Amino acid sequence: MEIVTTIRHEVLTLPAARLGPDNPLPALRPLDEMHRIEDRDKKDLPRDMARQIGHAPLHSPLPVAVRDGYDRDRAPRSLDALVIENDRLRATVLPALGGRIASLVHKPTGRELLYVNPVFQPANFALNGAWFSGGIEWNIGATGHTTLSCSPVHAARVPAPDGGEMLRLWEWERLRDLPFQVDLWLPDGSDFLHVGVRIRNPHERPTPTYWWSNIAVPEECRVLAPAEEAYLPHCLNGVGGAPIGYEQRLRRVPVPEYDRTYPPNSTYAADYFYEVPERRRRWIAALDADGRGLVQTSTDTLRGRKLFVWGRGPGGRSWQQWLTEPGTGGYCEIQAGLARTQLEHVSLEPESEVSWLEAYGPFEAPRDGEWGAVLGEAETRLEGVLPRADVDAAYTAWLPYADTEPGERLAAGSGWGALEVLRAGWKLPGTPFEENTLGEEQQPWLRLLRAGAFPEPPDSRPPGGTLVARHWRDMLETAPATGLTEYHLGVAQWHGGDRAQAVRSWERGLAQDGPSWPVLRCLAVADREERHPERAADRYVLAFDDLCREAGETGDGTAGEWTAVVAALGREAVEALLAVGRTADARSVWERLAPATRERGRFRLIEAGLLLAEGRQTEARAVFDAGFEVADLREGDEVIGRLWARLTDEPLPERYDFRMRATP
């Protein structure tokens, strides 16, 4: 009987939170500090690793907007899915959420091979905020979870090397301006999902490149990887691998003796980057108590392997529950990347590409016992079910199909790739970024490209996002100098590291017609960065006053885009004013926020801080007692605990304890 691979649409209905609007203010500051390693640690590292650590770090998520408008009010909602299956495997893909594989089922045994999150709950883990747990995610861009975590990608049918069909996913990664593709197919009779990945650099300059495939699996397992040693990031002000701060040491630890290959053994969250010997096969597996689970293997280009564990501490448990439903089993992540660690970015040469093949499937092997013997038996069994030579051959067979033009379109991504292709005239076989995908966000930049002038936003809307790559900055510099153009130019200059020139552009923007709040806010951020907190506070007051006037003049000051921008600027203004002790001004800003905004968890926390600054300690404590949830709390952020400590000597209540470190 002929076995046919099918690709079909499906709709998943599950408890899901709303993503809400993006933050309309440009992210001039990073969401957290960049990871960095002390120079004294680099001298003992392999030469290529030492060079790649700290290479071209990301300074902000620009040009991507921060996604912080989501909530925690879950209700049954529909998610579009694409299902690719044959008689052995069924993979469910979410094209509107970064192309994540949400489920991978081995049909003969009925076993789910991944950790499947029963809910969709965004949390603040991606480089630009919103991220969710579970499944297999494709991380491209820079150290951290991709900005595409909760964004759509293009999807289409493509011929597979064996004559069947592949599901192609592709998009334009905006942090590094790189197109990439992920091809999924199921070879006839195989228990393994094949995944071909390609990243292209069409530019005339080298580009820093980052990729990690993150696989969520149930944490009640043992993780096997072909390594005797691992690199463990170790925080100077913490214990173990707890991510407390980002001034880190990098320790090389023995895997068997320092045994955290059983995730439940870890007390605190930790990353273990395995040192896979140069000529050894690349693979990683997670096996349950019966020795069953999932294995991932690849061609040698995808060299790195990693285990991430949340740990058994109260913070790790809180985060696990935060990301799903209480009572749901926890997860850990096994990962595979282009470099040894996630502290590294590799350089992709001009007009070149990098590609590899991954395979995911069911696996059985003894997991307990002496480390060398366990690994030896696992590798023998892996060779039996999927020989290393077969993986290399599958990659060779796939590569000519990577350029095949997609057939039936199954999902649409963004128009940013189309804009860049129009600008540069690139030919990118296999990943068409067609002009009909251009949307409203791209229209002002298309006008700048074609007419040389940046248009004013229609209907007195807030300014949209800024493109910050050098070629767009050059166009802004030669465009007519309107207030809006100077605003966007300043953002691009700030991102490029020319902060003095950015300030000059924003100051010129103040002299132009139009609203002043966008440039005043940027100048306030610049003042905070340059340690002029009083001047920053003054500018925040002026910016918020001007914004409220403009929002009111639209006749729609409490809805739509204006609600998001008033909330975002109000939050920054209150925090800046409290930092310099101007509680009356902070209260004035607070009272002009919409009632629905003030009820959000983040703003309840701000209110507690404002009440405490006003000397109203009992009322501040009442905010905590009434309960709130800060939907966009950042991993490692201890703002709740610090405020609680100012209120009382009592232990931090469990519901607010997200500390990822040992506590006194």
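**Close-ups of a predicted single-chain model**

**Figure 1. Ala-56 sits in the loop that runs between helix 2 and strand 3.** This is a predicted model, and here the backbone does something a bit unusual to look at. Ala-56 isn't a glycine, yet its phi is positive, at about 45 degrees. As for cover, Ala-56 is partly exposed, because its relative accessibility comes to 28%. The loop between helix 2 (47-52) and strand 3 (75-85) also holds Pro-63. Go to the peptide bond that leads from Leu-62 into Pro-63 and you'll find it cis, with omega near 10 degrees.

**Figure 2. Asp-177 is another non-glycine residue with a positive phi, this one about 55 degrees.** Look for Asp-177 in the loop between strand 11 and strand 12 (178-185). Is Asp-177 buried or exposed? Its relative accessible area is 10%, so Asp-177 goes down as buried.

**Figure 3. Helix 6 covers residues 416-424 and has a run of buried residues.** Buried here are Trp-416, Gly-417, Ala-418, Leu-419, Glu-420 and Val-421. Which elements do the buried residues of helix 6 pack against? Their partners are strand 11 (165-173), helix 7 (443-451) and helix 8 (470-478). Right after helix 6 comes Gly-425, with a positive phi near 70 degrees.

**Figure 4. Ala-339 belongs to the loop that joins strand 23 (331-337) and strand 24 (346-348).** Despite the loop address, Ala-339 is buried, since its relative accessible area is 4%. What does Ala-339 contact once neighbours within four places in sequence are set aside? The contacts are Gln-52, Trp-212, Arg-303, Gly-304, Glu-344 and Val-346. For a sense of scale, pick Pro-515, which is 176 residues away from Ala-339 along the chain: the two C-alpha atoms are 46 Å apart.

**Figure 5. Pro-122 is in the loop between strand 6 (111-112) and strand 7 (123-126).** Pro-122 has a relative accessibility of 0%, so it counts as buried. Ignoring residues up to four places away in sequence, Pro-122 touches Ala-17, Leu-19, Tyr-70, Ala-130 and Trp-131. If you'd like a distance to check in your viewer, try Pro-122 to Ala-50: 72 residues along the chain, and 34 Å between C-alpha atoms.

**Figure 6. Glu-405 lies in the loop between helix 5 (388-398) and strand 26 (409-411).** Glu-405 is partly exposed, because its relative accessible area is 43%. With residues up to four places away left out, Glu-405 touches Pro-429, Gly-430 and Pro-432. From Glu-405 to Val-116 it's 289 residues in sequence and 32 Å in space, C-alpha to C-alpha.

**Figure 7. The cysteines form 0 disulfides in this structure.** Cys-221 is a good place to zoom in: the nearest cysteine sulfur belongs to Cys-332 and is 3.9 Å away, and Cys-221 is in no disulfide. Why no bond there? A disulfide needs the two sulfur atoms within 2.5 Å. Cys-221 is also buried, given its 5% relative accessibility. Another one to click on is Cys-150, which is buried because its relative accessible area is 3%.

**Figure 8. Zoomed back out, the chain comes to 18 helices and 26 strands.** The radius of gyration is 25 Å, close to the 26 Å from the globule rule for 664 residues, so the chain is as compact as a globular protein of that length. Its C-alpha atoms fill a box of roughly 70 × 65 × 55 Å along the principal axes. Buried residues account for 58% of the 664 in the chain. Taking contacts with a separation of 6 or more, 71% involve residues at least 24 positions apart. The chain exposes about 26,000 Å², and carbon and sulfur atoms supply 49% of that area. If you're thinking about charges, there are 77 positive and 100 negative side chains, with the centres of the two sets 3 Å apart.

Note on methods: Residues numbered from 1 in each chain as written. Predicted model: local features only at pLDDT ≥ 70, side-chain atom pairs only at ≥ 80, totals over all residues. Heavy atoms only, no water. Buried < 20%, exposed > 50% of the residue type's maximum accessible area, 1.4 Å probe, protein only. Helix = DSSP H or I, 4+ residues; strand = E, 2+ residues; numbered from the N terminus. Rg over C-alpha atoms; globule rule 2.2 N^0.38 Å. Contact = heavy atoms within 4.5 Å. Areas by Shrake-Rupley, 256 points an atom, 1.4 Å probe, with all protein chains shown as cover. Lys, Arg positive; Asp, Glu negative; His and termini not counted. Charge placed at Lys NZ, Arg CZ, Asp CG, Glu CD.
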